[in-house]
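Subject: Structure for you to look at

Hello,

I am passing on the structure we spoke about. My notes on it follow below.

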Amino acid sequence: MSFMALFLLILPSASLGCYLYNVDYVGTNLNGEHQIRTTSAATCQKMCQQNQNCVYFTWLSNDYADPAYRQDCYLKAAGALIANKQGAISGPRDCGAGQYT
């Protein structure tokens, strides 16, 4: 995927700190189809930090279209693709220096 295509995929989404809103890291699920329920993106990020293979996470908020998947936390390995997905909140394992969640 080219840098320009990656930029265009992220452009419509919003960002606060190191989280990307309405962005899903597609594929490379470390927990497969297994659903991990958490109450927030911050809790999902903490679970990512506890897994040595986790590089990114995606958490599905209460704005996600399908209620059956709301509050699901997906831990991601390296190599995930980025896609727009309403209600998804994604981010890295750790926010960099000077960033906040």
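Before the notes, one cut-off: a polar contact here is a pair of N or O atoms within 3.5 Å, where, within protein, one atom must be able to donate a hydrogen and the other to accept it. Please also keep in mind that this is a predicted model.

With that cut-off, start at asparagine 31, in the loop between β2 and β3 (36-37). A polar atom of the asparagine 31 side chain lies 3.1 Å from the backbone oxygen of cysteine 73. A polar atom of that side chain also lies 3.1 Å from the backbone nitrogen of leucine 75. Asparagine 31 counts as buried because its relative accessible area is 12%, and the limit for buried is under 20%. Leaving aside neighbours within four places in sequence, asparagine 31 is in contact with Ile36, Cys73, Tyr74 and Leu75. Isoleucine 36 in turn touches Asn31, Met47, Gln71, Asp72, Cys73 and Leu75, not counting residues up to four places away in sequence.

Overall layout and confidence

The protein chain has two helices and six strands, and along the sequence they follow the pattern α-β-β-β-α-β-β-β. Of its 101 residues, 34% count as buried. Its accessible surface comes to about 5,700 Å², and 56% of that belongs to carbon and sulfur atoms. Among contacts between residues at least 6 apart in sequence, 69% join residues at least 24 apart.

The average pLDDT of the protein chain is 83, and 79% of the residues score at least 70. Residues 1-13 have a pLDDT below 50; in the model this stretch has eleven contacts beyond near neighbours in sequence.

Disulfides

How many disulfides does the structure hold? There are three. With the bonded cysteines numbered in sequence order, they pair as 1-6, 2-5, 3-4.

Cysteine 18 forms a disulfide with cysteine 95, with the sulfur atoms 1.9 Å apart. This pair links distant parts of the chain: cysteine 18 is in the loop between β1 and β2, and cysteine 95 is in the segment after β6 (81-92), 77 residues apart. Their C-alpha atoms are separated by 5.7 Å. Cysteine 18 has a relative accessibility of 10% and so counts as buried, whereas cysteine 95, at 21%, counts as partly exposed.

Cysteine 73, whose backbone oxygen lies 3.1 Å from the asparagine 31 side chain, is joined by a disulfide to cysteine 44, S to S 2.0 Å. The link is right-handed, with 80 degrees about the S-S bond. Cysteine 44 lies in helix α2 (residues 41-49) and cysteine 73 in strand β5 (residues 72-76), so the disulfide ties together parts that are 29 residues apart in sequence. Cysteine 44 and cysteine 73 are both buried.

Cysteine 48 is joined to cysteine 54 by a disulfide, S to S 2.0 Å. This link is left-handed, with -100 degrees about the S-S bond. Cysteine 48 is buried because its relative accessible area is 0%. Cysteine 54 has a relative accessibility of 2%, so cysteine 54 counts as buried too.

Nonpolar cores

In soluble globular proteins, nonpolar side chains tend to be buried together. Which residues make up the largest nonpolar core here? There are twelve: Cys18, Tyr19, Ile36, Ala41, Cys44, Cys48, Cys54, Phe57, Trp59, Cys73, Leu75 and Ile89. At least two residues of this core come from each of α2, β4 (56-60) and β5. The most come from α2, which gives three residues. A second, separate core has five residues, including Leu20, Tyr25, Ala80 and Ile82.

The asparagine 31 contacts lead back to this largest core: Ile36, Cys73 and Leu75 are among the residues that asparagine 31 touches, and Ile36, Cys73 and Leu75 are also among the core residues. Both cysteines of the link between cysteine 44 and cysteine 73 are in the list of core residues as well.

Regards

Notes
Residues numbered from 1 in each chain as written. Heavy atoms only, no water. Buried < 20%, exposed > 50% of the residue type's maximum accessible area, 1.4 Å probe, protein only. pLDDT = per-residue confidence, 0-100. Contact = heavy atoms within 4.5 Å. Helix = DSSP H or I, 4+ residues; strand = E, 2+ residues; numbered from the N terminus. Disulfide = S-S within 2.5 Å. Core = buried A, V, L, I, M, F, W, Y, C linked by side-chain atoms within 4.5 Å. Areas by Shrake-Rupley, 256 points an atom, 1.4 Å probe, with all protein chains shown as cover.
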